[in-house]
Amino acid sequence: MKTILYTAQQFAEAAAWIRKGNLVVFPTETVYGLGASALNPVACTRIFSAKGRPSDNPLIVHIASQEQLAEVAGEIPEMARKLMTAFWPGPLSLILPKNPALPDIVTAGLPNVGVRWPSDPVAQAFLQECGVPVAAPSANVSGLPSPTSLDMAKFSMLGRAEAILAGEDSVIGLESTIVGFPDGQPKIFRPGSITAEQLAEVLQVEPASLQLAAPAEGARPLSPGMRYTHYKPEAEVKLFTKGEDLTTWFASEEKIGLLAVDVPQGLPEGWVIKPCADWNEFARVLYRSFHDFDRVGCSLILAQLPGSEGLGLAIRNRLSKAAGQGS
Ligand code: TXA
Ligand code: MG
């Protein structure tokens, strides 16, 4: 398949492909998405094959207006309204009762739908022009890190989507925070840059109450995607904490990449080092660094693990999955 590349100014041309039932990669503030009209079940089926995505993993629907919210969701819980007011447009997805008119394939047959209103200006211009809600998972091949730049989006999706709409590098770099309301209680299904502390303040609850309990043995998880391998580069990922002794790796024959806020002194010459000024930068460059380490032939990545407060929770979630340690 030939993939047409559009500049950010050509968002209207890219949107026309969505209306015709095709796949378009577009930028958002979290990661690049692989979009199709959420009202077109055939187009949505193609998202699953383009990504190699298991068909029981539902898609997040992207909107750009209140009218579109009504097209995808049914009755909206009061707590969800409060979160929308506080954080939309932005990097928060809410799990809401589905509008029956929305095709079942979007939600993988679940009665609820994940909805997000992105803040990225190119995403907003594109979504408004689409005129339909747009179902979009991250624009990576299933299991690999999500693209956070145009060149990563091209690397993953050239030949798999009809068009790619250019944008800036994603300013956040991690997928949206997902909040659902099982049994009417707000829970974080996936941590992201909107933190437990921020959500708790708006909802007037304790941050700890937002943690999701592990699903009972054999039960279907509330967010099906949590079951699958995620965010894994080709290189093996190992985690370390500030102050940990890394000298055991110094004699390693492997080409090593290191991503850290606190870069240890005296590392060997051959290591590829990506120092970050703070954890916001670490989140922003995490997937891009994985991608770059792979491209320069690193076979081992050492990544620093933050504490679990604030943004640390989301970074720990992605790193532990990348390192193959489940969630
Ligand atoms: O930041 C983001 O959310 C990006 C950009 C493109 O918006 N999208 C994204 O989509 O990360 P994806 O498909 O890579 O991750 C969506 C996650 C999956 O783990 C899926 O299982 C969960 O959201 N999800 C979607 N709909 C759901 C639903 N109805 N109920 C529970 N979980 C849902
Ligand atoms: Mg994804």
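**Exercise 1.** In this predicted model, determine how far an oxygen atom of ligand 1 is from an N or O atom in the side chain of T30, and then establish what else holds and covers the ligand.

*Solution.* Start with T30, whose side chain places an N or O atom 2.7 Å from an oxygen atom of ligand 1. Next take R53, where an N or O atom of the side chain is 2.8 Å from a ligand oxygen, and then S138, which has a polar side-chain atom 2.8 Å from an oxygen atom of ligand 1. Since the cut-off for a polar contact is 3.5 Å, each of these distances can be checked against it. Turning to coverage, ligand 1 taken alone exposes 680 Å², of which the protein buries 97%.

**Exercise 2.** Describe the shell of residues around ligand 1, by secondary-structure element and by residue class.

*Solution.* The shell holds 26 residues, with T30, N57, H62, S138 and S176 as the closest. Two or more residues come from each of β4 (60-62) and β6 (112-116), and β6 gives the most, namely four. Sorted by class, the shell contains twelve nonpolar, ten polar and four charged residues.

**Exercise 3.** Characterise the packing of helix α6 (residues 150-157) against helix α8 (residues 279-295).

*Solution.* First consider the geometry: the two helix axes come within 11 Å and cross at roughly 60°, and the crossing of α6 past α8 is left-handed. Then list the participants, which are D151, M152 and F155 on α6, together with Y287, R288, H291 and R295 on α8. Finally, classify them: three residues of this contact are nonpolar, one is polar and three are charged.

Notes: Residues numbered from 1 in each chain as written. Chains lettered and ligands numbered in written order. Predicted model: local features only at pLDDT ≥ 70, side-chain atom pairs only at ≥ 80, totals over all residues. Heavy atoms only, no water. Near = heavy atom within 4 Å. Polar contact = N/O pair within 3.5 Å; in protein donor to acceptor, adjacent residues only side chain to side chain. Areas by Shrake-Rupley, 256 points an atom, 1.4 Å probe, with all protein chains shown as cover. Nonpolar A, V, L, I, M, F, W, Y, C, P; charged D, E, K, R; others polar. Axes fitted to C-alpha atoms, helices over the stretch in contact; angles between N-to-C directions. Left-handed = near helix turned anticlockwise from the far one by under 90°.
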